[in-house]
Structures are given as structure tokens and as C-alpha cells.
Amino acid sequence: NPKVYNYATGEYIGVTYSMEAGDTITIDTTSGNKSIMLLRNGVVSNLFNYLAPGSKWLQLEVGVNEFVYTVDSNNASNLSVTIRHNDLFEGV
């Protein structure tokens, strides 16, 4: 049950799903392309329906953004979080 928090606002996005060793969860917060996908043993599954209650689709703000993560387990030492950002441009 991982959650990623925006440190400044306290808002978070989380997944109510028990992870296993080797799992990768990808959360895409792009407007019009929101998704939560699980990669487990080479199989991709849709976890959109496992969005944790109270979650917000976090967006980066201009400047410095600080995020922290939590899990519901004492075995968080094997968990890592990567945040990627792509500049999107609208119009021509």
C-alpha cells in the first residue's frame, strides 16, 4: 500500500494493493492519460481501481518539489521511488 506525498501540501497519491518483491507500479498523472499499472513477473495489470481513498493526481509545480513516500509495512527498505517529468507543450 504505497503512498507518495507532496511534502508542501500534504496531498498524496496511493495504491491500496499489496506489492511483492520485484513489482513495479507506474502512476501516470498526465491530464487525459491518467493510469496506474502494475508490472509483475512480466505481466502488466491495470490497478486504476486500487487508487487509495483521498488520493489526488499530483502535479509538479514550478520550482522545487519535495515528495516523500510511505508504506504500510516494516519492510520498506526494498522499496524505491522514481519521479519522472516530461515537458509538454500545447499548440503550434
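**Figure 1. The hairpin of β4 and β5, with Asn41 in view.** In this hairpin, which has 2 residues between its strands, Asn41 takes a positive phi near 55°. The model shown here and in the other views is a predicted one. The two strands on either side of the turn run antiparallel and are joined by 4 bridges. If you follow the pairing from β4 across to β5, you will find Leu38 with Ser45 as its bridge partner. Strands of a sheet pair through backbone hydrogen bonds, in either a parallel or an antiparallel way.

**Figure 2. An open sheet of 3 strands in the order β3-β4-β5.** The hairpin strands of the previous view appear here together with β3, and the pairing in this sheet is antiparallel. β3 and β5 (43–46) are its edge strands, each pairing on one side only. On average, neighbouring strands are turned by 25° against each other, with direction ignored. Moving to the other pairing of β4, residues 35–40 form this strand, and 5 bridges join β3 to it in the antiparallel sense. A handy landmark here is Asp28, which stands opposite Ser35 in β4. In a regular strand, side chains alternate between the two faces of the sheet.

**Figure 3. A network of salt bridges that links Glu20, Asp23 and Arg40.** These three residues are linked in one network, and the count for the model comes to 2 salt bridges. What is the N to O distance between the side chains of Asp23 and Arg40? It is 2.6 Å in this salt bridge. Asp23 lies in the loop between β2 and β3 while Arg40 lies in strand β4, so the pair ties together parts that are 17 residues apart in sequence. The salt bridge between Arg40 and Glu20 has an N to O distance of 3.7 Å. This pair, too, links distant parts of the chain, with Glu20 in the loop between β2 and β3, Arg40 in strand β4, and their positions 20 residues apart. Side chains of opposite charge can pair when their charged atoms come close.

**Figure 4. Burial around the salt-bridge network and along its loop.** Are Asp23 and Arg40 buried or exposed? Both Asp23 and Arg40 are buried. Arg40 counts as buried because its relative accessible area is 18%, and the cut-off is under 20%. Glu20 has a relative accessible area of 47%, so Glu20 is partly exposed. Ala21 is also found in the loop between β2 and β3. Why is Ala21 classed as exposed? Its relative accessible area is 84%, and exposed means over 50%. For a sense of scale, Ala21 and Leu51 are 30 residues apart in sequence and 20 Å apart in space, C-alpha to C-alpha.

**Figure 5. An open sheet of 3 strands in the order β2-β1-β6.** This sheet has antiparallel pairing. Which strands lie at its edges? They are β2 and β6, each of which pairs on one side only. From one strand to the next, the twist averages 20°. β1 and β6 pair over 4 bridges in the antiparallel sense. To find your place in that pairing, start from Lys3, whose bridge partner in β6 is Thr70.

**Figure 6. The largest pocket, with a volume of about 1600 Å³.** Its lining holds 43 residues, and the closest to the pocket centre are Ile25, Thr26, Ile27, Val81 and Thr82. Which elements give two or more residues to the lining? These are β1 (3–6), β2 (12–14), β3 (24–28) and β6 (67–70). β3 gives the most, with 5 residues. By residue class, the lining divides into 19 nonpolar, 17 polar and 7 charged.

**Figure 7. The whole protein, to place the close-ups in context.** The secondary structure comes to 0 helices and 6 strands, and from the N terminus on the elements run β-β-β-β-β-β. Taken along the principal axes, the C-alpha atoms fill a box of roughly 45 × 30 × 25 Å. Of the 92 residues in the protein, 17% are buried; Asp23 and Arg40, shown in earlier views, are buried.

Note on methods
Residues are numbered from 1 along each chain as its sequence is written. This is a predicted model: local features need pLDDT of at least 70, side-chain atom pairs count only at pLDDT 80 or more; totals for chains, interfaces and linings use all residues. Side-chain values use heavy atoms; hydrogens and water are left out. On a 1 Å grid over the protein atoms alone, a cavity is a set of points where a 1.4 Å probe fits but cannot get out, and a pocket is an open set with protein on both sides within 12 Å along at least five of seven lines; lining residues have an atom within 4 Å of a point. Grid points are joined across faces, edges and corners, and a volume is the space filled by probe spheres set on the points. Ala, Val, Leu, Ile, Met, Phe, Trp, Tyr, Cys and Pro count as nonpolar, Asp, Glu, Lys and Arg as charged, and the others, Gly among them, as polar. Two strands pair if DSSP finds at least two bridges between them. Axes are lines fitted to C-alpha atoms, for helices over the stretch in contact, and angles run from 0 to 180 degrees between N-to-C directions. A salt bridge is a side-chain nitrogen of Lys or Arg within 4 Å of a carboxyl oxygen of Asp or Glu. Buried means under 20% relative accessible area, exposed over 50%, partly exposed in between (1.4 Å probe, protein chains only).
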